[in-house]
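This report covers a pocket, a sheet and a charged pair, in that order.

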Amino acid sequence: MLTFTTARLAYRQLTQDDWPFFLSLQRDETVMRYMADQGSEEEIYAAFSTRLPVWSPESRHWLGLLISDKASGEPVGVTGFIRREEDKAEVGYLLAKRHHGLGYGYESLRAVCDLAFKQCGIRKLVATVTEGNVASRRLLEKVGFQLEGTLRENYFLQGRWQDDWVFGLLNQEYC
């Protein structure tokens, strides 16, 4: 099982024991405001279960990582990536509301970029963000992602079609 640490955070692959925390993230309207409409528990569990198989750098399923505070052991959020092509992957992350604004998003996204670029041979990372999610946009830009475009009326959320921002970061640009 993949595990690693950064200055303040510990990361490990999701396990079945993480289901209550994952569900709590998905049920928090503040966390999910720009992510998804409220799904049924069965739909949320289906998404969770795709992140449980043992992951290796060659895997074609989501690397699902639990982020925990190293000092307290408290879960902070989830993060990871999925290969979309041989050398291109999509990143994703959710942080519990009580951990917003503490720099955990930046620290954890840098850790995922380090893993993808330095250990997995990824050439490009991409992220899709619902337009209006300014906090996520700022985080991506702080790490070095560049806005590559807007997909108009790309995602149905909150009863209407939303635009998506598409961000990319090349391995050669990452510092």
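## Pocket, sheet and salt bridges

In this predicted model, the largest pocket has a lining of 44 residues, and Met35, Gly92, Tyr93, Leu94 and Ser136 are those nearest its centre. Two or more lining residues come from each of helix H1 (19-27), helix H2 (29-32), strand E3 (63-69), strand E4 (75-85), strand E5 (88-95), helix H4 (104-119), strand E6 (124-130) and helix H5 (134-143). Of these, E5 contributes the most to the lining of the largest pocket, namely six residues. The volume of the largest pocket is about 1,300 Å³.

The lining of the largest pocket divides by residue class as follows.

| Class | Lining residues of the largest pocket |
|---|---|
| Nonpolar | 23 residues |
| Polar | 15 residues |
| Charged | six residues |

How are the strands arranged in the sheet? Eight strands make up an open sheet with mixed pairing, and their order is E1-E2-E3-E4-E5-E6-E8-E7. Strand E1 (3-5) and strand E7 (146-157) are the edge strands, each pairing on one side only. On average, neighbouring strands of this sheet are turned by 25° against each other, direction ignored.

Within the sheet, E3 and E4 run antiparallel and are joined by six bridges. Leu65 has Thr79 in E4 standing opposite. Both E3 and E4 are also among the elements that give two or more residues to the lining of the largest pocket.

Helix H5, another of the elements in that lining, lies across E5, E6, E7 and strand E8 (160-170). The angle between H5 and E8 is about 10°.

Side chains of opposite charge can pair when their charged atoms come close. How many salt bridges does a search of the whole structure find? The search finds 10 salt bridges. One salt bridge is formed by Arg8 and Glu107, with 2.8 Å between the closest N and O atoms. Distant parts of the chain are linked by this pair, as Arg8 is in the loop between E1 and strand E2 (9-13) while Glu107 is in helix H4, 99 residues apart. Helix H4 likewise gives two or more residues to the lining of the largest pocket.

Definitions and conventions: Residues numbered from 1 in each chain as written. Predicted model: local features only at pLDDT ≥ 70, side-chain atom pairs only at ≥ 80, totals over all residues. Heavy atoms only, no water. 1 Å grid on protein atoms, 1.4 Å probe; cavity = no way out; pocket = protein on both sides within 12 Å on 5 of 7 lines; lining within 4 Å. Points joined across faces, edges and corners; volume = space filled by probe spheres on them. Helix = DSSP H or I, 4+ residues; strand = E, 2+ residues; numbered from the N terminus. Nonpolar A, V, L, I, M, F, W, Y, C, P; charged D, E, K, R; others polar. Pairing = 2+ DSSP bridges. Axes fitted to C-alpha atoms, helices over the stretch in contact; angles between N-to-C directions. Contact = heavy atoms within 4.5 Å. Salt bridge = Lys/Arg side-chain N within 4 Å of Asp/Glu carboxyl O.
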